[in-house]
Amino acid sequence: MNVLEIKNLKVLFRTGEHFVRAVEGVDITVGEGERVAIVGESGCGKSVTSLACMRLLNTPPAYIAADALRFTAKDGTVHDLMQKPENEMLALRAEEMAMIFQDPSTFLNPVMTIGEQLDEVFIYHMNMKPKQARARSIEMMKKVGIPDPAMRAQQYPHELSGGLKQRILIAMATSCSPRLLIADEPTTALDVTIQAQILGLIRERCEKERMSLLMITHDLGVVREMAERVYVMYCGKIVETGTVDEILSAPKHPYTKALIDTIPDMEEKVDRFVQIPHNVPHPMHKPEGCYFSNRCAYCTALCRKKQPPLFDRGDGRLVRCYYQTEELWEK
Amino acid sequence: MGEVILRTNDLTVDFKVKKNIFGRPDRLSAVQSVNLEIREGEIYGLVGESGCGKTTLANAILGFVPITSGSFECFGHTIDASTKPSEWREVRKHMQTVFQDPYSSLNTRFTVWQIISEPLYIAGERDERVLRERAAALVEKVGLDYTDLDRYVFEFSGGQRQRIAIARALISDAKLIVCDEPTSALDVSVHSQICNLLLDLREEFGLTYLFISHNLSLIKHITDHMAVMYLGEVMECGKTEDIFRNPACPYTEALMSAILEVNPRSDRERIILTGEARSPINPPDLCRFVGRCPRATELCRTRPLPPPVQIGDDHMARCHLKGK
């Protein structure tokens with residue numbers, strides 16, 4: 001059963017007189033207890049997709065359309081996220097679906113103590129008394145591995161390090177044991193040794209609370225570490241999807257392949273790095289055919305003329321490329 | 001490898017932080033007694049987590065922050081806390097820097113040729129035709145087009161902006177380029193472009209780089225020598241190859257095991273450090289990693305950190321466990 005089902009999601013942004021197509025027809029499903037990643041570079045629409053699911057985009061300037069945007073709650077009711085009024089979304093957001101963001105310091109209120117901010121979740125969503133709520137907050141802080149939680153609860157966000165703040169956000173997001181956790185680049189702002197801690201914590205929380213995870217990242221190493229299935233996005237479209245093992249060991253789309261190749265092998269020293277030519281196209285000036293055609297090493301006349309559809313390879317893998325075979329790489 | 005062009009001798013940078021206006025200021029130890037040697041033509045890597053002092057060390061060498069004690073020798077000059085501005089200027093001629101974020105390091109009101117030629121303008125060259133010509137000679141070398149000279153920065157993507165910043169660093173014929181996380185603000189798919197460009201330019205102009213990064217896999221491939229810093233102190237330094245093959249300090253080991261690989265060969269044992277780095281304010285005289293070190297012994301907790309120990313040829317580490 002799918003916890004989250006997105007069908008043909010489109011998001012446009014209005015900038016002056018023009019429309020920028022940020023997401024162009026994306027299909028994503030997240031199964032129960034499944035860990036799914038969306039990987040892509042900045043501007044590929046991965047964050048916009050997740051914000052659209054949470055209905056956190058301001059409309060306008062954003063315009064959202066989808067054939068389906070369905071979320072299945074813990075009790076089995078199916079919610080149509082496109083039609084939900086805002087007050088019902090509010091309840092859904094903490095209790096059923098929760099989100100952690102890249103930069104924890106911008107999502108904490110600087111004039112409230114950590115404890116007060118955590119208490120709010122329990123007071124508003126579980127109708128607890130303040131004292132009860134504080135006890136639960138401290139319990140949650142212990143669960144996410146914060147040393148000396150009673151003291152930390154009385155501190156303000158500026159007194160905490162980035163890693164601790166991210167732990168607080170994880171505590172906040174998981175305190176109602178939601179069904180789906182969306183993590184938008186949760187470790188990008190953190191140091192490598194702290195990143196290892198936080199990724200471990202997110203995985204542990206997901207397993208303990210049986211949460212599904214939608215992980216948004218630009219780092220293929222994080223994908224390998226965290227996810228079972230992955231969607232690769234480029235310029236607002238999904239270019240390839242499949243299980244992490246298959247995609248990372250045998251990519252079928254030239255973009256995925258190029259991304260993996262740019263990461264040098266750790267075992268051998270290289271003198272030069274494999275590079276992808278040119279830059280990501282500007283969202284207003286995407287190429288006419290395949291969006292990757294201007295940077296692709298295997299591009300043909302067909303690619304330049306006509307946008308390839310997502311080919312279903314039958315084994316659960318979808319690839320947006322006319323060729324999608326390894327023979328291509330050897331040429 | 002050429003001769004040593006930069007040598008630091010117990011270079012130390014402290015900042016004073018005051019809790020209130022009456023109290024005695026606390027000492028924030030940003031860089032503590034660092035000894036490094038950078039040879040001509042090499043790429044010297046500086047790794048560590050945020051707050052470990054790698055940028056402060058580079059800034060002290062560039063003269064952006066005052067040195068508290070110690071000194072460094074560079075291009076025949078010795079610079080310490082009492083060096084006069086005129087001597088500083090002599091040394092600074094030979095150094096340039098490429099900053100992390102090309103979105104904030106380039107002046108948005110200047111055209112590209114004005115940005116690139118600004119170091120020459122500051123050095124006294126006022127003839128616009130000369131400035132423009134010098135900039136024009138460089139743009140194609142960094143992979144930009146001649147027609148880009150009269151455009152403004154907002155028209156460029158992050159990767160192209162970083163190319164402009166690199167051209168600006170090269171124009172005054174500096175020999176030592178400090179690259180402070182030059183790729184970390186860029187998209188993943190342009191990282192390699194910038195790294196390859198830096199490698200090509202080193203060949204062509206005979207440059208030396210001090211390369212600061214927290215990305216260990218990049219450091220592994222690009223640098224010849226490296227130093228690992230933790231809370232202001234160099235924990236380990238030496239040939240990059242040797243350090244990766246045989247890390248001596250437990251912190252280096254932990255850093256390396258935190259690298260997330262896309263296709264890991266085998267199930268490596270992963271060391272996940274607990275806790276976070278302690279505050280750099282008034283640090284005790286112990287090894288600075290002791291609170292998080294998985295192998296700390298009683299000796300580490302009670303005795304001051306020993307001087308660097310020779311691990312191998314050109315490979316030093318500061319650790320009680322290695323000192324015998």
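This briefing walks through the overall build of chain B, then a set of aromatic rings and one buried leucine in chain A. Please keep in mind that the model is predicted. Chain B has ten helices and 13 strands, and 53% of its 324 residues are buried. In chain A, we will stop at Tyr234(A) and Phe292(A), which are both buried, and at Leu4(A), which is buried as well.

**Overall build of chain B**
- The radius of gyration of chain B is 21 Å, which agrees with the value near 20 Å that a compact globule of 324 residues would have.
- Measured out along the principal axes, its C-alpha trace spans about 65 × 55 × 40 Å.
- Among the contacts in chain B with a separation of 6 or more, 63% are between residues 24 or more positions apart.

**Surface and charge of chain B**
- About 14900 Å² of chain B is exposed, and carbon and sulfur atoms supply 49% of that area.
- Chain B carries 39 positive and 44 negative charges, and the mean positions of the two sets are 6 Å apart.

**Aromatic rings**
- Over all chains, the count comes to twelve aromatic pairs.
- One of them joins Tyr234(A) and Phe292(A): the ring centres are 5.3 Å apart and the planes stand at 85 degrees, so this pair is edge-to-face, the class for angles over 60 degrees.
- This pair links distant parts of the chain, since its two residues are 58 residues apart.
- Tyr234(A) sits in strand 10 (residues 229-234) of chain A, while Phe292(A) lies in the loop between helix 10 (254-262) and helix 11 (301-305).
- Both Tyr234(A) and Phe292(A) are buried.
- Ring pairs also bring in Tyr255(A), giving a cluster of Tyr234(A), Tyr255(A) and Phe292(A).

**A closer look at Leu4(A)**
- You will find Leu4(A) in strand 1 (residues 2-15) of chain A.
- Its relative accessible area is 0%, and because buried means under 20%, Leu4(A) counts as buried.
- Val30(A) is 26 residues away along the chain, yet the C-alpha atoms of Leu4(A) and Val30(A) are separated by 5.1 Å.
- Leaving aside neighbours within four places in sequence, Leu4(A) is in contact with Ile28(A), Thr29(A) and Val30(A), and also with Cys53(A), Arg70(A), Phe71(A), Leu81(A), Leu180(A) and Leu214(A).

Note on methods
Residues are numbered from 1 along each chain as its sequence is written. Chains are lettered from A and ligands numbered from 1 in the order in which they are written. This is a predicted model: local features need pLDDT of at least 70, side-chain atom pairs count only at pLDDT 80 or more; totals for chains, interfaces and linings use all residues. Side-chain values use heavy atoms; hydrogens and water are left out. Helices (H or I, at least four residues) and strands (E, at least two) are DSSP runs, numbered from the N terminus. The radius of gyration is taken over C-alpha atoms; the globule rule is 2.2 Å times the number of residues to the power 0.38. Buried means under 20% relative accessible area, exposed over 50%, partly exposed in between (1.4 Å probe, protein chains only). Contact means heavy atoms within 4.5 Å. Accessible areas come from the Shrake-Rupley method with a 1.4 Å probe; for residues, only the protein chains shown count as cover. Lys and Arg count as positive and Asp and Glu as negative; His and the chain ends are not counted. The place of a charge is taken as NZ of Lys, CZ of Arg, CG of Asp or CD of Glu. Rings of Phe, Tyr and Trp (its six-membered ring) pair if their centres lie within 6.5 Å; planes under 30 degrees apart count as stacked, over 60 as edge-to-face and the rest as tilted.
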